[in-house]
Structure formats: structure tokens, C-alpha cells
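Work through these exercises with the model open. Try each task before reading its solution.

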Amino acid sequence: MNTELTGIIATFLLTMVIAIPLGKYLAKVFAGEKVWTDFLKPLETGIYKLSGINVKEQMNWKQQLKALLTINVVWLVYGFFVLIFQNKLPFNPDGNPGMTPDLAFNTIISFVANCNLQHYSGESGVSYLTQQYVLMFLQFVSAATGIAAAVVFFKAFRDKTATELGNFWEFFVKSITRLLLPLSFVMALILSFNGTPASYEGKDQFISLQGDTVHVSRGPAAQMIAIKHLGTNGGGYFGANSAHPFENPSYFTNMVELIAQVIIPVAMVIAFGYFIRRKKLAWTIFGVMTIGLFMLLIPMLSSELAGNPALAKMGISQGTGAMEGKEVRFGPAASAYWATVTTIISTGSVNSMHDSSMSMSGTWQLLGMMINSFYGGCGVGLLNYFIYLVVAVFISGLMVGRTPEFLGHKVEAREIKIAAIITLLSPFLILAGTAVASYIFTNYGNAAWAVQPKNWLNNPGFHGFSEMLYEMTSSNANNGSGFEGLGDNNMFWNLSTGIVIFLGRFLPIIGPVAIAGLLGAKKFIPESAGTLKTDTKTFALMTFAVILVLNALSYFPALALGPLAEYFTH
Amino acid sequence: MKKYIIQSIRLTLVLLVLLCVVYPVSVALISKMSKGKGGGEKITKNGKTVGYALLGQSFTKPQYFWGRPSAVAYNAAGSAGSNKGPSNPDYLKEVQSRIDTLLKYNPGIKKSDIPADMVTASGSGLDPNISEQGAAIQIRRVAAARKIDVKKVKELVAMNTLKPFMGVFGPSSVNVLKLNLALDELN
């Protein structure tokens, strides 16, 4: 068998071998049961003490959300000012300038929201202080925010009726001390011993074999690359992200980074089932998500491995597949696998340039981000999936003529309204955003922004439209990857995507947590013969159908104008 | 509310110390034991740095093996791909001219011998590798320019070919910089 295919099969299997036990471990950690990492307890106690936190204090769902939002606002303010004044602050060996306010606005929201859309380039746009004390810091805490929010949601369904849902700070801190930090430490060492820079030395310079003077950007990259994957953040240290030989030196590190970005989202699904003592439900959800992964991966693989038809016409050999924007050490198969997982999981790191993917691959990448819950981001993927679940419960309830129930709690008008609003939010932000961008592009081409609208697009025709659609979709999904040809560092894109990222992050956290909180507080109805079971194959199929129908109805017209039109006209 | 604000600020400060000082500094210190001492592995010749093992360089002279086209001209102060879409007409023209250049400088090769990686830009613009086929089509040119035996060059290519990871995972590749250094050492 072809070694490129064996490589991705091995990567997938290894991911599951690590993720499933990790999920069982997480369930125990958050339930407060004994685990082998309990030796870290003194560290946690120290953190609580220094922060004035009493973790015995129980919070209801509203208090949980208040705590979550408050600390996120603190990070927004702190980060914004560091970004603007980074040129005046220490730790800037390459002398990079401060950010403009619009770029700082976009960047700080993007990193607080676990999105990591980057309208700057790491080498020239930020100082080492910013890289570590703002961006890498936020990669840890934004991932932990998502995980903690998911644990609040777990808590609502563990007991028959629950209003006290534990302590937000405890979930948040444990996500870091028991999960993100130890894994990052191990991974950063693996990367640094395989060639990724990890020290604080500034730019280097040398004379190449042919006599050219070459500058080399360096810095503490390994530490950030570890958490950017484990935390499904995706924001790279260098401009080219994980395509850069320093960020991703070999096929081995590529496997490590691929595994790292998938394990926590998968583990959270497993943890959910073990935590609420309904393992079968977790496996059903896992099944739907995994089938979703393959339904996007297989067509993407086939179009990338087939190569670019336009280049085939020129008569060259595309033995392994399409190579534009891809690295030889990974090859097209591992690049297609990466493009699939990074879009379904909201990581948004890239090891190949998506703008140069085959046109049909663009469809699958966009669709992955639109659905945004096949595993999904750290913690939030499961919350997104929960919204689809609630809609599926509601529709099934209508079909069989019973009051819809989820895990023994009646789903009533209020919950459905919230679910409906969250469901409609994504298409609204993506489609309205793209429409406004297209309008400005066609009517105000000469607007005096840093990049004039007429120069936004790097590619003509349908592909140009896809660049704008991709940017909005990626922002709403908090994904952060891009069709990077887009000239995005200017007032319009910085502000519009900043707002889309913000709404696309916090409303889909507030909504599901609120629904879970409301449901959990309701009287528990024991299961009877008439109960709609949510852990059966039939219901899994129903959820899958809901996901497909909702997304097809919302996005098909936009996809038809972009990647599909490009595919059918060339 | 006020309680949450104060707790948030204090927790942020504590975590800044843990995540931005303790974690990265300890990794940086341990990485000093790695090959590149945490600053990226350098390649030296006669005591001078001539490159980084992981970063590709621009090679245009006929006596060197060429790397892939690059959107940043192999200047590692930055990094980027071309971001050209697969159907972009300007891009397709560019690819055609790269094919013509390769055909011109490598007499005896056919269009169908040219692998895609030699006429397409990499994602980073710093790709240090080419495919085995990408090296194979250049062997005769390099041998002629250096007036050495084709067999000898073939041997060097084989020696600098990196097999798939553990023999079974991923593609094989040829490191252009190391290959060219080995060639220079022959003379």
C-alpha cells in the first residue's frame, strides 16, 4: 500500500488510541475522583489561594457564565493594550512595530475566542513578549474556557435534577493543570528535539551556498506550537503556520501535530458519556462525528490525490497529487487529512495553503467549518453538537407526537427558542458578512483602506468569492485558517471579522450552557416505553439528517457561487 | 460581580507566571540539549554558517540541484505560499513558464518526466526538499555542469534521499541543501 495512505491511517488510529483513555481520565478529573495526576493538587490549591478563589462555592449556570465572561473581558483589555504598545515594551529583539488599533482589535478577539485568525505575520508583526505573554497565554486559557464551559454542561446532566453546577474556576484551572499544560510540556519537548526552535535568540543571518544573504526568523516557537494544537487554537508562530519547516520539521512531527489537535475534542465526547454515566450516548455521538469526518475526508483526499486537472493538461506528472501550497515532506495525502481535521475541529492551523487546494476541496473545508461540530473545538465542539441534538429531539418529538425530552428533562419552548437562535446565528453571520464584503468589493473598490477593496482578492472569478466566504466562515467557526491570498489587514476585514468572531464564540457558549442549565433544573421524568431514546442508531441517523439538512439549506447557494462554480467551469 | 473581576485579575496574573514564564523557560532550557541548541540546527562549512538544516535555499546555477519555486524567494525572514487558486489563469501561465525553463536547462527530459513539486510553490516558501523524481530530472544537467560522472551524481542523490518515516509512513524526499553541499565537497 502507498506509504502516504498508511501514514494517515496510522495517524487516525493512534489518535483514537490516545483520545479514548484520555476521555475516561478527564471524566474522573472533573468528577473529582482519584487519578494519578492528583500529585498536582498542591499546585492547584496554591493557584486558588493566590487568586482568592474558594472552589467549594457552588455556582448555578448564570453565575458560571458570569465568571466565564468576566475573565474573558479582562483578557481582552489586557491583550489589546499590549498589542498596541508592543514596540515600547521589552522582549522585542527584531524591533517589530506596535499594531494599529483595528489590527489589535481583530487579533485580541481572535485569540481570546480560540479562533486565531491572523491578519499579521508572526515574523514581522509581533514581539516575543506578545507571542508568549499574550498570544500563547490566550491559547491556553481560551482552550480551558471552552473545556470548562463543556464541563458545566456535563454537570447539568449528571444528576437527576441539578441547579448547583460546581465551580467554574475549578474546572478552568484543572483544564490547564491536569490536561493542557502537562501535554504541552511533553509535546514542546518532542518538537524542540526534532528541530523546532525553542530559545529566545533573535533573528539570524547567514550567506547561502550561492552567496545570497539570508535572514532567519526564530524564537520560542515550540512552546506555542504545542498548545496551538492541543488547544485547537491554530495560531502559528511563523506566517506559514505548520507548513513552515521550523514549526513542523518532519513527517513525524506532522503526525504528532495532527494527533495533538484531535485528541481533546474526541476525549471530551468520551468524557461526557462517562461523566453522566451514559456511555452509550457518548459512543453514538462519537459515531456520528466520525462518520462526518470520513464523509468530508474521502472526497477531499480523492480530489487532492488526483491532482490539478489544469496542470495535467500541460503534460507534467502529478504522481502523488496536487502540490501547489504543499510541502514535499508531508505530501498531498497528509495535507488533505490535515485540511479535513483542521476545519472540522476549529484548529485552523495549516500544513498546506488552503487557497491553493483543489476547488472541490474548498467545498469540503468550508462545509467542515460550517457544521463545526464533527468533534469541533476544545469543549465547544460538543456544545455546538448539543444544539443540533436539541433540534433533532424537537423534530423527532413532533414527528411521533410527544413532548420532546432529553435525558429525562422536558425540552420546552424556551430551550427550543435558544437553540433556534443559535442555529440561525451562523448562517446569518457568514452570509450577511460575505454579502457586505462582496458589496464593498464591487461598489467601493477605491475606499482608502490599508488594502483597497479592489485589491483584496488574490484570485479572479469564483475563487475570489470563495476567499471572502472562507474568511467569514472561518471567523464564525472560530477556526482561524484562511484562504490567505485575501488582503485582510485593513479596516473592513479587521473590524468585521472581529465582530463575527466575538459573536460566533460567545453566543454559542452561552446558548448551550443556558439550555443545559434550564433542562438540568427541571424535574426528572423516569424513562418509560414512550421515551424517545437519544442513544440509538435511529436517533443518531436523525441527528445526522438534521445536521445535513440545516447546513445544506443554509449554505448551498453560497457554496454554489464559490467552489462549486469554480469546479464546474474548469 | 466585583468579586469575579478581582478573582479574574488575580487568576490571570498567577497563570501568566505559570504559563508564560515557568513553562516556556523550562522548555527553552531543556531544548539547549537538542541538536540545534534550541535555535534551529545550523549547517557549517569551514567554520561558517551556510544554512539551516530545515530551511531550503535558492539555487539557480546549473551546477546545483534546484529546489522548488518559492513565493518568498527562500528568504526566511518571512514565510508564505503563493495562495494561487487552481484555476487562476496567471498562475497557470507561470507554471507553464516554469515547465519551459526546466525543459530548456535539462536537455533530454520529457514533459511527462517533470513532477508537480518542481513547478509549484510550496506552502512555506522554504521547503527544503524535492521529490526523488524532481532530483532525477536534474542529474544529467548537474553532472554536465560539473564535468563529473552521471553515476557519481546518482549515488549522491541516493545517499541524500530520506526514506518514508519508519519505512512505511509518508513520502520520501531529497534534501536539496545537503545534496548540494555533498556535491561541493567532491571538487
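**Exercises on helices and contacts**

The model is a predicted one.

**Exercise 1.** Check the length of helix H2 of chain B, residues 89-105, against what its residue count should give.

Solution.
- Step 1. H2(B) has 17 residues.
- Step 2. At 1.5 Å a residue, H2(B) should span 24 Å, because the expected span is 1.5 Å times one less than the number of residues.
- Step 3. The end C-alpha atoms of H2(B) are 25 Å apart, which agrees.

**Exercise 2.** Find which residues of H2(B) are buried and which are exposed on the other side. Then say what helps to cover the buried ones.

Solution.
- Step 1. Buried in H2(B) are Tyr91(B), Val95(B) and Leu102(B).
- Step 2. Seen down the axis of H2(B), these buried residues fall within an arc of 40°, so they line one face of the helix.
- Step 3. The other side of H2(B) carries the exposed residues Pro89(B), Asp90(B), Lys93(B), Ser97(B), Asp100(B) and Lys104(B).
- Step 4. The cover over the buried residues of H2(B) includes helix H11 (309-313) of chain A.

**Exercise 3.** Describe the side of chain B that touches chain A: how many residues are in contact, and which element gives the largest share?

Solution.
- Step 1. Chain B has 87 residues in contact with 100 residues of chain A.
- Step 2. On the chain B side, the elements giving two or more residues are helix H1 (2-31), strand S2 (48-52), H2, strand S3 (129-130) and helix H6 (176-186).
- Step 3. H1(B) gives the largest share, 20 residues.

**Exercise 4.** Place Asn75(B): where is it found, and what does it touch?

Solution.
- Step 1. Asn75(B) sits in the loop between S2 and H2 of chain B.
- Step 2. Asn75(B) has 19 other C-beta atoms within 10 Å; a buried residue needs 20 or more, so Asn75(B) is partly exposed.
- Step 3. Ser58(B) is 17 residues away along the chain, and its C-alpha atom is 8.5 Å from that of Asn75(B).
- Step 4. Leaving out residues up to four places away in sequence, Asn75(B) touches Val214(A) and His215(A).

**Exercise 5.** Classify three helix pairs in chain A. Two packed helices are described by the angle between their axes and the distance between the axes.

Solution.
- Pair 1. Helix H1 (residues 3-31) and helix H12 (residues 331-344) of chain A pack at about 30°, with axes 7 Å apart. Angles under 35 degrees count as roughly parallel, so H1(A) is roughly parallel to H12(A). Their crossing is right-handed. Glu4(A), Leu5(A), Gly7(A), Ile8(A) and Thr11(A) of H1(A) make the contact with Gly331(A), Ala333(A), Ala334(A) and Tyr337(A) of H12(A).
- Pair 2. Helix H14 (residues 380-400) and helix H17 (residues 491-520) of chain A pack at about 60°, with axes 9 Å apart. H14(A) and H17(A) are therefore oblique to each other. This crossing is left-handed. Residues that meet include Phe386(A) and Ile387(A) in H14(A), and Pro508(A) and Pro512(A) in H17(A).
- Pair 3. Helix H10 (residues 279-306) and helix H18 (residues 537-569) of chain A cross at roughly 40°, and their axes come within 10 Å. That makes H10(A) oblique to H18(A). The crossing of H10(A) and H18(A) is right-handed. Here Thr284(A), Gly287(A) and Val288(A) in H10(A) meet Ala540(A), Thr543(A) and Phe544(A) in H18(A).

Definitions and conventions. Residues numbered from 1 in each chain as written. Chains lettered and ligands numbered in written order. Predicted model: local features only at pLDDT ≥ 70, side-chain atom pairs only at ≥ 80, totals over all residues. Helix = DSSP H or I, 4+ residues; strand = E, 2+ residues; numbered from the N terminus. Buried ≥ 20, exposed ≤ 12 C-beta atoms within 10 Å, placed from the backbone. Arc of directions from axis to C-beta. Contact = placed C-beta atoms within 7 Å. Axes fitted to C-alpha atoms, helices over the stretch in contact; angles between N-to-C directions. Parallel < 35°, antiparallel > 145°, perpendicular 65-115°, else oblique. Left-handed = near helix turned anticlockwise from the far one by under 90°.
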